[in-house]
Amino acid sequence: MKKIVKDKLPSLWEQLSSQATLFLPVEQDGVVNFAPWEEGDSVNLEALNTVVPPKNVVFPQTETYMRFKVENDKLHIEPFEQNGPYVLFGARPCDVAGITLLDKVFLQEPEDGLYSRRRREGTVISVACNEPDAACFCTSFELEPGMAPGADIMVWDMGDYLLWKAQSEKGEKLTGSVENLLQEAAEEEQKAAMELKERVTAKEAAAAQEMGWDPSGVKETLKDMFDSDIWEQFFRRCLGCGICTYICPTCHCFDIQDYSKDQEGGRFRCWDSCMFADFTLMGSGENPRPTRKERVRQRFMHKLCYYPSNFGLYACVGCGRCVRKCPVNLDIAQVIKEVGGVKSGSE
Ligand code: SF4
Ligand code: SF4
């Protein structure tokens with residue numbers, strides 16, 4: 001393992017940004033989000049979760065992928081490529097797990113070309129969480145706050161320095177390119193990082209235990225709950241704002257739209273939300289999910305029943321964003337508890 005002293009981080013940002021677009025958690029007006037780094041940016045590696053997850057980097061909120069124009073009565077179509085190599089530095093382990101879940105959807109056959117190119121061109125560096133907050137519950141989905149197996153490089157914040165471990169070929173390559181800024185980590189420093197990792201996992205698992213819930217059997221329970229009255233109690237509170245889906249690192253639905261002006265235009269895709277009335281509205285005017293009841297049910301059934309049936313994993317990584325941000329406190333943790341994901345003996 002290597003280490004980098006924090007005094008050298010500005011040099012690291014400069015060096016990385018000279019070889020690729022460097023996305024870092026940048027604080028602006030008290031809000032931290034991933035953005036392409038520019039000199040003078042206020043980098044915040046301590047913020048637990050950015051408001052918008054870094055899925056924005058691998059699956060942009062809006063992405064133009066084709067342009068067209070009419071010239072001499074002929075239609076010309078050109079693919080629009082805006083990709084290039086990038087480094088995503090500072091994704092938390094839950095958000096890296098979120099990207100792994102997106103991979104399962106977008107990289108299955110037939111592969112999504114836009115997404116797979118972005119994934120190929122990027123190197124993901126994850127920073128372990130030293131102090132998850134009360135809304136975090138990644139351990140409930142068998143993830144570890146101190147380890148991201150899907151990251152190319154794993155980094156632990158040890159105070160004055162970051163411990164650095166390459167975990168893939170891409171990670172090794174990037175490590176080699178900034179070797180001048182890294183030092184070999186001593187054995188006791190590596191041991192301290194692993195102890196920290198175990199401590200943090202145990203702490204978060206104990207907090208989840210205290211919440212008295214266990215999502216592991218929820219998939220089976222939900223299979224028989226499509227027509228349950230339980231959805232009545234949830235949907236009445238929902239405002240249909242869609243915030244929960246936009247800030248969720250695992251939500252991946254998108255819409256495709258064309259725009260045009262005079263003789264030219266383009267086609268783009270943008271995030272969509274199953275919480276919106278027109279999400280399933282058909283050209284005929286039919287809508288199989290006509291009320292918020294069907295839409296709320298779909299959101300939770302998809303994450304906790306359909307996705308796990310298709311891919312073997314829950315489509316939630318316990319990042320806690322929907323717990324923190326839903327304006328009416330209708331979050332997945334509560335739904336899991338209500339549908340029966342409560343440990344026996346708990347309230
Ligand atoms: S954030 Fe809350 S209120 Fe808004 S759509 Fe999601 S569940 Fe409904
Ligand atoms: S459902 Fe909520 S807690 Fe789970 S990954 Fe999405 S935003 Fe995070």
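## Two packed helices and two ligand shells

In this predicted model, the buried residues of helix α5 (residues 169–177) are Gly 171, Leu 174 and Thr 175, where buried means under 20% relative accessible area, exposed over 50% and partly exposed in between, computed with a 1.4 Å probe on protein chains only. Because they cover an arc of only 105 degrees around the axis, these residues sit on the same side of α5; the arc is that of the directions from the helix axis to the C-beta atoms. On the other side of α5, Glu 169 and Lys 173 are exposed. Helices (H or I, at least four residues) and strands (E, at least two) are DSSP runs, numbered from the N terminus.

The buried residues of α5 pack against several elements, among them α1 (9–19), β1 (2–5) and β9 (161–166), contact being taken as heavy atoms within 4.5 Å. At the N-terminal end of α5, Ser 168 acts as a cap, with a side-chain oxygen 3.4 Å from the backbone nitrogen of Lys 170.

Helix α1 has Leu 9, Leu 12, Trp 13 and Leu 16 as its buried residues. Seen down the axis, they fall within an arc of 100 degrees, so they line one face of α1. An α-helix has 3.6 residues a turn, so residues three or four places apart point the same way. The packing partners of the buried residues of α1 are β1, β2 (21–28), β6, β9 and α5.

A search of the whole structure finds zero disulfides, a disulfide being a pair of cysteine sulfur atoms within 2.5 Å. Cys 251 has its nearest cysteine sulfur, that of Cys 248, 3.9 Å away. The table gives the relative accessible area of two buried cysteines.

| Residue | Relative accessible area |
|---|---|
| Cys 251 | 15% |
| Cys 322 | 12% |

Around ligand 1 stand residues including Cys 238, Cys 241, Cys 244 and Cys 326, a residue being near when one of its heavy atoms lies within 4 Å. Of the 13 residues around ligand 2, Cys 248, Cys 316, Cys 319, Gly 320 and Cys 322 come nearest, and α10 (292–311) and α11 (321–325) each supply at least two residues of that shell.

Residues are numbered from 1 along each chain as its sequence is written, while chains are lettered from A and ligands numbered from 1 in the order in which they are written. Local features need pLDDT of at least 70 and side-chain atom pairs count only at pLDDT 80 or more, whereas totals for chains, interfaces and linings use all residues, and side-chain values use heavy atoms, with hydrogens and water left out.

Note on methods:
Polar contact = N/O pair within 3.5 Å; in protein donor to acceptor, adjacent residues only side chain to side chain.
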